[in-house]
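Hi,

Here is the structure I promised to pass on. Have a look at it first, and then read my notes underneath.

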Amino acid sequence: MMLAVVGVMGAWAQEIPQVMNVMNRQTVSLNGDWHYIVDVQEEGFYDYRMNPINWGFMLNAKPQRPEDLIEYDFDAAPTMKIPGDWNTQDERLFFYEGTVWLQRYFDYQPQGNRRTLLYFGAVNYDCYVYVNGKKAGHHVGGFTSFNFDVTDLLHEGRNFVIVKVDNKRSASAVPTQIFDWWNYGGITRDVLLLSVAPTYIENYTLQIEKPFMRKGDKLQTKQQLLFDVKLNKPEAGLQVRLSIPELKINETLTTNEEGKASLHFIAKPQLWSPENPKLYHVELMLNDETISDEIGFRTIETRGKQILLNGNPVFLKGVSMHEEKPNGGGRANSPEDARTLLTWAKELGCNFVRLAHYPHNEYMVREAERMGIMVWSEIPCYWTIDWKNEETYQNAQQQLTDMISRDKNRANIIIWSIANETPHSAERDAFLGKLATYARTQDSTRLISMAMEVTGASNYVNRLQDNMNKYVDVVSFNQYIGWYRDVNDAPKMRWEIPYEKPVIVSEFGGGAKYGLHGEKNQRWTEEFQENLYRENIAMLDKIDGLSGTTPWILKDFRSPRRVLTGIQDFYNRKGLVSDKGERKKAWYVLHEWYKGK
């Protein structure tokens, strides 16, 4: 049987570390319409070994004779928009968890000795990538970017890429089998072809170095900045030039045998803040290639029970956010989505957002930076993780690495969070303690926290006790008095937090369906949620060391756990705005409180 299989025998791909600042490099977008095939039993993957031509979806084979048997055809398959989730683009896939294959063609023209990287902003959750029928690589984790060097898999003219995406939940995954948001499957962020020189700047750090320079208790206007740069290869003797024209910085560094270089220098930058989100144009030059970026400088630290931004106490007027589109459901994935959601947060009075419960897309972080909004960024160690599993730990650590690596130059990120609402155990303490310690090796300039949970109260006294207190800079916890606890508890409740550290209440709130009205003791009404916010705010104001709040949540979001017909309809209704962006009465309560802060 003669069949046409597009592919180059002997070609190979190389998995490479995440490349920083992809947005400002030479790229070609592969976004748009991709063909897809739903593969419930994964015939296109596992049956390939027994019958590669008939069932090897990654080969994109075509029959050459009428009698040739190939039981799939991407060219005849329907299409969906990428980036995008499959749940909201095909009603048959609304609840689907499993494998979908996605494919598209693209034209390629070699550029001398330059290399081509295939970049994915995120794929949820487990994916295999093939280019022209050859495996480019495998990635696990639904919310971080990754890239492969596919130069040797490409040829001039028409090429194709095929991605096997599997969003099935697993007990050993991060997040694990149970979580309270929609398990959107698919290629959910940008796909790009990235053109780079054989030797290129892979990663760099530019920020104010600790310890911050002071005169007495006052932060000095001059600060020591640290610039670190790492090439993709261990090449010594190459010159990298750093230029910050507005600060009159023009320095040349020479790489060592590891392909790295560092520079410490004194500068007097205007400091980034919510009131003045100042960003500097920065250029990095290696050989004849220039990378530009917009970078801000600020200091973040704690003193006793205060959080200090640029040396001054700051109250974090925040709100939690999921990465879900502003109007309706579906994974948010565009600059416009980010701008709309963050504008709502600004109008609420926020200077801070908690990006729950996973790293959000880069558009969200950069847009928040431009708008003067501080950020809490988190990895999805959510509820009960497989704490004893070393592979699970390595997965979590890799997601933490990728989150920090992509966003460590963003001035607005002030907190790296390692977990949310994790039940206490010795295994959990060891797992998260190791993560927190590792996070500090990756970035020592920001604060470390996690959303702890409060397990109960005695005589209306809540006492927070968590062994993780010694690993975090800020004590954060979630509480739902008035919603999961008695609706009348809030006025009676007192809090004891026995740690000399700032406190963030990382979640509080309750549900309401927009437009449903009634008495303040009638659940699901806007009046119930409004009263809950009033009573919680009065209670939280009495907490010693309260330095911020991120109530749950800005917008109603989809969740399969929320099944109450006519009220929830598979939405978590704790949003201050509805799934269509309509403001509930509780919005105005929080807005007034933040105005006074």
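Below is what turned up in the pockets, the cavities and one hairpin.

Before anything else, bear in mind that this is a predicted model.

Let's start with the open spaces. The largest pocket holds about 610 Å³ of space. It has 29 lining residues, and the ones closest to its centre are N203, T205, D228, K408 and Q442. If you want to find the pocket by secondary structure, go to strands β16 (201–208), β19 (223–231) and β22 (260–267) and helices α5 (390–407) and α6 (426–442), each of which supplies at least two lining residues. Which of these gives the most? That would be β16, with 6 residues. As for chemistry, the lining of this largest pocket splits into 12 polar, 10 charged and 7 nonpolar residues.

The second largest pocket comes in at about 370 Å³. Here 25 residues form the lining, with E421, N478, Y480, Y484 and E507 closest to the centre. Its lining is made up of 9 nonpolar, 8 polar and 8 charged residues.

Now for the enclosed spaces. How many cavities of 30 Å³ or more does the whole structure have? The search finds 6. The largest cavity has a volume of about 100 Å³. Lining that cavity are 16 residues, and nearest its centre you'll see N124, Y125, P175, F179 and N183. By class, its lining has 8 nonpolar residues, 5 polar and 3 charged.

The second largest cavity is about 80 Å³. Its lining can be picked out as a few stretches: L206, Q207 and I208, then G296, F297 and R298, then K408, N409, R410 and A411, and finally T445 and R446. That lining divides into 4 nonpolar, 4 polar and 4 charged residues. One residue to click on is K408: it is among the residues closest to the centre of the largest pocket, and K408 also lines this second largest cavity.

Last, the hairpin. Strands β23 (residues 280–286) and β24 (residues 289–295) run antiparallel to each other and pair over 7 bridges. To get your bearings, look for Y280, which stands opposite I295 in β24. Between the two strands of the hairpin sit 2 residues, and N287 in that turn has a positive phi of about 55°. While you're there, remember that side chains in a regular strand alternate between the two faces of the sheet.

Happy browsing, and shout if anything is unclear.

How values were computed: Residues numbered from 1 in each chain as written. Predicted model: local features only at pLDDT ≥ 70, side-chain atom pairs only at ≥ 80, totals over all residues. Heavy atoms only, no water. Pairing = 2+ DSSP bridges. Helix = DSSP H or I, 4+ residues; strand = E, 2+ residues; numbered from the N terminus. 1 Å grid on protein atoms, 1.4 Å probe; cavity = no way out; pocket = protein on both sides within 12 Å on 5 of 7 lines; lining within 4 Å. Points joined across faces, edges and corners; volume = space filled by probe spheres on them. Nonpolar A, V, L, I, M, F, W, Y, C, P; charged D, E, K, R; others polar.
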